[in-house]
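Notebook open, coffee next to it. I want to go through this one from the whole chain down to a couple of helices.

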Amino acid sequence: MAASLLRISLRQAFRQGPNLGAVYNVTNVRYDSTKSPKWNNKNVREDLATSYRGLYLYGLSEGICNHLTAIAPARKGKGNVTLVIPYGLHWSEVRSDSLVGLNDKEQVVEGEGEADITAVKIHLGVYRNRPDVKCVMHCHMPYATAVACLENPVVEMLHQNSARFYNKIAYDKGYNGLATADEEGDRLAEVLGNKLVLFMGNHGVLVAASTIYEAFDSIYYIERACLYQVLARATGQKVNIISDELCQKISKDFYADKLYMLKHFQAFKRMVSNSDLDEL
């Protein structure tokens with residue numbers, strides 16, 4: 001069923017033409033200090049728009065809710081902006097020029113539209129407290145969110161996708177309702193600490209990374225880890241938990257080289273047609 005829906009989504013999202021799979025700025029996934037602020041801003045916009053489209057196709061979005069953000073140099077070269085989808089736009093519609101840019105006062109200074117208040121409060125709270133983070137992705141994806149709704153919302157170390165995140169997950173069990181105040185963003189950032197992933201009890205999942213491609217790859221694979229956990233538990237049989245010692249080794253091996261994360265992101269970019277997205 002899921003595979004069928006994905007195929008339908010792909011047909012809807014991409015025109016089947018000669019340019020399908022063409023590469024557009026496929027290497028533009030890292031900040032380049034030798035380039036102008038305008039160039040880097042466009043680069044980040046393309047990658048964030050790709051992430052919205054990609055996670056939509058992976059089935060990780062929810063209506064017009066949830067949000068992905070990234071820090072980019074301001075187009076005019078003065079400071080940085082936080083790029084985010086304007087409220088009301090569907091993830092399948094996102095283009096690079098759709099995104100709005102917020103300054104540190106939460107004001108829209110690039111693009112048209114306004115940002116979802118919860119996106120502003122949650123994401124800017126993380127950025128204020130984690131200067132190493134340049135991209136935050138927050139989704140209510142099915143399996144990881146199901147785990148977040150458990151009384152004990154823990155990712156069990158029963159698959160290598162789980163072990164990859166060993167000691168990289170924080171858990172928040174203090175759900176306070178919709179995040180509409182700065183204090184809630186700061187509270188969530190405090191719970192996140194220096195971790196990569198935050199399971200938000202009764203809510204969803206958040207990933208905070210230094211690059212867009214790491215956040216994209218991480219939020220995809222934490223969902224896969226939870227999928228295996230939910231399916232394994234659904235059998236009613238005893239699961240085989242990986243030892244702490246082996247989990248440490250697996251996680252270390254995964255993070256010894258993040259090239260596979262970049263390759264995953266680049267692979268999705270190659271799926272996108274230049275003719276369909278023009279200047280994404």
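Before anything else I fix my terms: I call a residue buried when its relative accessible area is under 20%, and exposed when that area is over 50%. Also for the record, I am working with a predicted model.

**Entry 1: α6**

I started with helix α6, residues 182–192, and looked up which of its residues are buried: Glu184, Gly185, Leu188, Ala189 and Leu192. They sit on the same side of α6, because they cover an arc of only 135° around the axis. Then I checked the other side of α6 and found Glu183 and Glu190 exposed there.

What do the buried residues of α6 pack against? I get one helix, α3 (117–129), plus the strands β6 (169–172), β7 (197–200) and β8 (204–209).

I also looked at what comes after the helix. Glycine 193 follows α6, and its phi is positive, near 60°.

**Entry 2: α8**

Next I took helix α8, which runs over residues 244–254. Its buried residues are Cys247, Ile250, Ser251 and Phe254. Looking down the axis of α8, I see them fall within an arc of 95°, so they line one face of the helix. Glu245 and Lys252 are exposed on the other side of α8.

For partners, I have the buried residues of α8 packing against α5 (160–163) and α9 (259–271).

**Entry 3: cysteines**

Cys247 from α8 made me check the cysteines. Are cysteine 226 and cysteine 247 buried or exposed? Cysteine 226 counts as buried, because its relative accessibility is 0% and the cut-off for buried is under 20%. Cysteine 247 is buried too, with a relative accessible area of 0%.

How many disulfides does the structure hold? I count 0, taking a disulfide as a pair of cysteine sulfur atoms within 2.5 Å.

**Entry 4: whole chain**

Last, I pulled the overall numbers. I have 10 helices and 8 strands in the protein chain. The chain has 280 residues, and 51% of them count as buried.

I looked at the accessible surface as well: about 13,500 Å² for the protein chain, with 51% of that belonging to carbon and sulfur atoms.

For contacts, I kept those between residues at least 6 apart in sequence. Among these, 71% join residues at least 24 apart.

Terms used:
Residues are numbered from 1 along each chain as its sequence is written. This is a predicted model: local features need pLDDT of at least 70, side-chain atom pairs count only at pLDDT 80 or more; totals for chains, interfaces and linings use all residues. Side-chain values use heavy atoms; hydrogens and water are left out. Buried means under 20% relative accessible area, exposed over 50%, partly exposed in between (1.4 Å probe, protein chains only). Helices (H or I, at least four residues) and strands (E, at least two) are DSSP runs, numbered from the N terminus. The arc is that of the directions from the helix axis to the C-beta atoms. Contact means heavy atoms within 4.5 Å. Accessible areas come from the Shrake-Rupley method with a 1.4 Å probe; for residues, only the protein chains shown count as cover.
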